[in-house]
Amino acid sequence: MGSNGIRFGIVSELARHLPVTYEERAPISLFDAQGEERIIPEDTIEQVLVSFRRFQKICEEANVEQPNNVKVIATEATRLAGNAQEFLSRIYETTGWTVYLLSKEEEAMISAAGIVGTFYKVDGLTMDLGGGSFEFSYVASSNSSVQEQHDSERNNIKVSDTPVSLPYGAAALKRRLAQCTCQAERQALHDDIVIQVREAVKQIGIPEHLRSENQGYTIYMSGGGFRALGYLSMARKKEFYPLPIISGYSINGNELKEIAKRNKHKKPDKAVKQLRGFRISKRRAAMIPAVCFLVSALVQVIPVRQVFFSEGGVRQGLCYTLLSKEEQQRDPLLSSVQAYVKQAEASSTDRALSNEEFDAIWNLLKSAVPGCYLDPGHPLQLHRLLPAAIHLSNITSHYPKDTRAFVAFHMPLASGSLANVPGISHIERVILALLLAYRQGGQVPDPTFRTAQHMVGSRGTAVCRFLGRLLELLFLISPLSPGSGVIESGIQFSTECTSNNSASCTHDDSNNKFYPNTHLRIHLQPSTHDCPMVEAPSVLSIIEGMEQRINPKFDMDEEQRATLTNLFSVSVVRLP
């Protein structure tokens with residue numbers, strides 16, 4: 001029960017990716033309903049009770065064991081209500097559900113946990129904007145010897161022991177701004193927020209290593225008010241943006257400042273007329289000036305390098321805290337993908353790879369690229385996206401040939417079956433989409449395909465094409481037993497960096513550091529070796545034409561052709 005709405009959801013299991021069976025939001029603002037008297041009125045209580053009875057019925061239909069598997073938590077608006085205990089007692093009498101009222105510190109901690117649960121790796125400040133309050137903390141998952149003594153370790157992440165909750169939620173601040181009668185009063189409120197944010201920064205004790213030198217912090221924002229800024233940013237882009245998914249969307253610090261500057265002085269009624277749009281309701285649009293007012297104070301204190309928007313908040317944070325330590329440490333992307341593949345296996349002719357089959361293909365692909373491509377610091381993040389692509393490689397193989405690449409490409413995007421997968425940024429979604437498209441043949445007749453290529457860049461696209469084509473080959477050799485078939489075929493890969501001074505692929509030039517020119521050798525058994533799975537014309541022609549398949553001129557527009565030299569070359573070698 002938040003201040004702006006009551007969010008209900010069912011997860012089918014306590015797994016790292018927190019698979020959602022159903023979600024719903026009751027549009028009941030406990031904060032607005034209280035008014036200045038801080039009393040939740042009877043008609044609002046009745047609305048809550050009937051909503052809870054509805055949720056209870058849905059739980060019964062979903063076979064959720066009650067009340068053991070039902071958790072109900074309340075936040076700022078319920079904390080502030082003078083009749084909170086009566087309110088919570090009425091809920092218990094009606095449903096048998098006990099509502100746990102979070103303290104400010106618990107709410108800030110669980111909000112941060114919701115962000116951690118949504119992403120693969122979190123290193124930065126966490127901010128959750130509700131209707132009544134604003135939660136502020138930090139999370140550090142990177143290894144560093146520089147940690148403050150008052151930090152506490154929770155499952156390989158560092159969080160603040162003293163998170164801060166400030167009374168500047170979107171609805172609360174909108175009300176405060178409405179009470180300002182002149183610019184001087186607005187400025188005084190702004191200055192007060194700046195002072196409290198400065199104190200909050202001191203209180204939470206941000207580790208020094210979280211700040212990028214001369215660039216500022218990475219901030220992870222959750223809560224409806226902040227997410228509205230993300231949707232507003234998407235809508236204002238000059239070019240078509242192909243991913244209307246808020247979780248994992250990012251903007252830089254300058255864009256955040258510009259959004260705040262442009263909208264912080266708007267009147268709520270004017271904001272409703274100008275800012276309503278996709279996923280921005282009338283009520284949310286009216287709060288955007290207040291949110292921007294808060295952001296303008298935040299950026300005056302906190303230098304911002306990049307902002308990531310998170311779908312995960314208090315509800316997801318509570319679920320994340322219920323996971324075992326082992327489950328919390330899993331990669332949410334791979335957890336989602338593996339669960340999805342198992343479900344797909346039950347409903348189609350495709351089957352999930354065994355661990356042995358996965359390892360065989362993964363080890364071959366690792367031998368096909370220089371080690372720098374699989375380094376966690378590489379911008380393409382192939383160390384985790386390529387394993388996901390391996391697991392997903394056969395999912396669309398039973399589709400008609402001319403639709404396989406199209407369906408595979410859209411799988412991680414907004415229209416695909418993996419649209420709700422956590423732990424993946426927008427650029428990572430696009431990289432995975434390109435890997436899967438090229439695994440299934442490449443060219444996709446959809447404008448989004450070109451947009452995706454431009455988002456990844458010509459070099460990144462070349463790498464996705466190269467690896468996708470190799471996946472296509474490996475799964476072609478033995479389509480029904482990919483891993484064991486590849487082992488039996490005896491095919492091997494070896495690589496050589498051909499860039500100047502690039503044997504280690506770690507020299508200073510950033511392009512060559514991340515994208516060294518590479519020559520791939522495909523080693524085949526002697527032609528006398530009895531291996532029809534490779535020697536058949538349908539397969540051998542793919543192997544012998546690999547150079548052209550990874551460097552096709554028709555697969556690029558004029559801009560890409562003008563800027564790209566071939567990153568990869570291929571030769572075929574027969575083993576003695």
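**Exercise 1. Which residue of β14 is the bridge partner of F493? Place the pair in its sheet.**

Solution. The bridge partner of F493 in β14 is I522. This is a predicted model, in which local features need pLDDT of at least 70, side-chain atom pairs count only at pLDDT 80 or more, and totals for chains, interfaces and linings use all residues. Residues are numbered from 1 along each chain as its sequence is written, and side-chain values use heavy atoms, with hydrogens and water left out.

Step 1. Strands (E, at least two residues) and helices (H or I, at least four) are DSSP runs numbered from the N terminus. Two strands pair if DSSP finds at least two bridges between them. Strands β13 and β14 (residues 518-524) run antiparallel and are joined by six bridges.

Step 2. The order β13-β14-β15 makes an open sheet of three strands with mixed pairing. Its edge strands, each pairing on one side only, are β13 (492-497) and β15 (568-574).

Step 3. Helix α20 (residues 458-477) lies across β13, β14 and β15, at about 25° to β15. Axes are lines fitted to C-alpha atoms, for helices over the stretch in contact (heavy atoms within 4.5 Å), and angles run from 0 to 180 degrees between N-to-C directions.

**Exercise 2. Count the disulfides and examine C182 and C319.**

Solution. Step 1. A disulfide is a pair of cysteine sulfur atoms within 2.5 Å. By this rule the count is zero.

Step 2. The closest cysteine sulfur to that of C182 belongs to C180; at 7.7 Å it is too far for a bond. For C319, which is in no disulfide, the nearest cysteine sulfur is that of C59, 12 Å away.

Step 3. Buried means under 20% relative accessible area, exposed over 50%, and partly exposed in between (1.4 Å probe, protein chains only). C182 counts as partly exposed because its relative accessibility is 35%, whereas C319, at 17%, counts as buried.

Step 4. C319 is one of the buried residues of α12. In this helix (residues 314-321), six of eight residues are buried. Among the elements that they pack against are β2 (20-26) and α5 (104-118).

**Exercise 3. How many residues has the largest nonpolar core?**

Solution. Step 1. A nonpolar core is a set of buried Ala, Val, Leu, Ile, Met, Phe, Trp, Tyr and Cys residues joined through side-chain atoms within 4.5 Å. The largest has 166 residues. Helix α11 (residues 282-301) gives the most to this core, 12 residues.

Step 2. L229 is among the residues with the most contacts inside the core. Beyond neighbours within four places in sequence, its contacts include L256, I288 and F309.
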